Amino acid sequence: MHTTVGVIGGGPAGLLLARLLHNAGIDCVLLESRDRAYVEGRQRAGILEQGTVDVLRECGAGARMDREGLVHDGIELRFDRRSHRIDFPSLTSGRRVMVYAQTEVVKDLIAAQLDNGGPLLFEAKAEAVTGVDTGQPMIHFTHEGRDQTLTCDYVVGCDGFHGVARSAVPGGVLTTYERTYPYSWLGILADVPPSCDELVYAHSSRGFALHSMRSPTVSRLYLQVPNGTDPADWADEHVWDELDARFAVDSSWKLERGPITAKAVLPMRSFVAEPMRYGRLFLAGDAAHIVPPTGAKGLNLAVSDVVVLANAFAHLRTTGSAELLDAFSATCLRRVWRAEHFSYFMTTTLHTDPRQSPFDTRLQISQLDRITTSTAAAAELAENYVGPPIV
Ligand SMILES: Cc1cc2nc3c(=O)[nH]c(=O)nc-3n(C[C@H](O)[C@H](O)[C@H](O)COP(=O)(O)OP(=O)(O)OC[C@H]3O[C@@H](n4cnc5c(N)ncnc54)[C@H](O)[C@@H]3O)c2cc1C
């Protein structure tokens, strides 16, 4: 089997890349190691930047998002038992975000691909990528119990942090940057209407909490917990009591409780591997970089990477010039590092490091006070949150 672009990984990055290449008339084959139900049910991100929303609309996968997604014009910051709203449109010349779960983005892209796109093979696990510094790289994969080989003009690793593509780059080529954090998130899904109109980010002496949502009837909430926490140790009532304590404000606001349908612990990591290209192998999305979820950037970075890459492949096809492919890594890394910084900033400003001193806590409160009383500081947060336009 041969294709122009072999894509490993059917998460948001791989699926969107396949759609964009299809729209540009470039053939590709997409290999996904898991089955369709698993990929469509995997609970992850839920906030789409304005640029991501625009891309999904333009590529023809935005109709259900526009019907069912929730447009949000801001977020709430809570600290010292008080609420403060950050209004995005007034601070960013009209930009806003959309709440639409990653599961739904993935379902929409899979449906489009199966309807009129190129081959999308589920339960097709890439075992190795070879020949990336030759003219014809190969993906060796297993599918339907058989070992198979896909020869390609180019290979794109969209296979997440634990995928195989990054390991095809010879030692010494990639520089990696990494930070781990001394806390994790316990995330729950609950069948209860959200208790707020917009996301609430709460700083408290008990640790961070986030109130998000997936739909008008499903809430998504997170608690900062120690690394190594077993979700089974958190009974449902314990989770709600702790959320209540961390969101507490001096007003009549009430956290509505409901049946918890999912509970999982998510570790936090910052990671960048650069460059994002070696020979004919490109890395995109979580395969190249990870951010802690506090800034809501992971999914959005995956989208911006593959938009840059698809444009570069289209440019090659129409002009014969590889200049945009050659610029891919540098173009993406500029945005990646901005998102890395913002995600780090949100994480360290809002969480309680178990080693932090009262002095550190006062600095956090001072920073939050600054954001909520200075238009310039609020605009800095808002611009980063809604994201810059995708080039
Ligand atoms: C548990 C969790 C919760 C998260 N929550 C948030 C959040 O609240 N907000 C936020 O902004 N971000 C969040 N993120 C990050 C966000 O979901 C990711 O940044 C986003 O999924 C990146 O998309 P991707 O396509 O690059 O990678 P992925 O979504 O990881 O997709 C990679 C795909 O490659 C497949 N694959 C892996 N290896 C192979 C192989 N060898 N062969 C074939 N296929 C392979 C995988 O099965 C997967 O489908 C979360 C991430 C995790 C892990």
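Analyst: Two strands pair if DSSP finds at least two bridges between them. Helices (H or I, at least four residues) and strands (E, at least two) are DSSP runs, numbered from the N terminus. Residues are numbered from 1 along each chain as its sequence is written. The model is predicted, so local features need pLDDT of at least 70 and side-chain atom pairs 80 or more, while totals for chains, interfaces and linings use all residues.

User: In E6, which residue stands opposite Ile75?
Analyst: E5 (residues 74–79) and E6 (residues 82–87) run antiparallel, joined by 6 bridges. Opposite Ile75 in E6 stands Ile86.

User: Which residue takes a positive phi in the hairpin of E5 and E6?
Analyst: This hairpin has 2 residues between the strands. The positive phi, near 50°, belongs to Asp80.

User: Which residue of E13 stands opposite Arg78?
Analyst: E5 also pairs with E13 (residues 200–202), in parallel, over 3 bridges. Across from Arg78 in E13 is Ala202.

User: How many of the residues of E5 are buried?
Analyst: Buried means 20 or more other C-beta atoms, placed from the backbone, within 10 Å of a residue's own. In a regular strand, side chains alternate between the two faces of the sheet. In E5, Gly74, Glu76 and Arg78 are buried on one side, and Ile75, Leu77 and Phe79 on the other. The count of buried residues is 6 of 6.

User: What is the bridge partner of Trp185 in E15?
Analyst: E12 (residues 175–190) pairs antiparallel with E16 (residues 260–274) over 13 bridges, and there Leu186 partners Val265. E12 is also joined to E15 (residues 218–225) by 7 bridges, again antiparallel. In E15, the partner of Trp185 is Gln224.

User: How far does H6 reach from its first C-alpha to its last?
Analyst: H6 spans residues 102–116, which makes 15 residues. Its buried residues include Val105, Leu109 and Gln113, and their cover includes H1, H3 and H8. The expected span (1.5 Å times one less than the number of residues) is 21 Å, and H6 comes close to it. The reach is 21 Å.

User: How many residues of the shell around the ligand are charged?
Analyst: The ligand is surrounded by 32 residues (C-beta, placed from the backbone, within 6 Å of it), with Gly9, Gly11, Gly160, Gly285 and Gly298 the closest. H1 (12–23), E9 (124–130) and H8 (298–319) each supply at least two residues of the shell. Asp, Glu, Lys and Arg count as charged; Ala, Val, Leu, Ile, Met, Phe, Trp, Tyr, Cys and Pro as nonpolar; the others, Gly among them, as polar. The shell has 14 nonpolar and 11 polar residues, and the charged ones number 7.

Methods. Buried ≥ 20, exposed ≤ 12 C-beta atoms within 10 Å, placed from the backbone. Contact = placed C-beta atoms within 7 Å.
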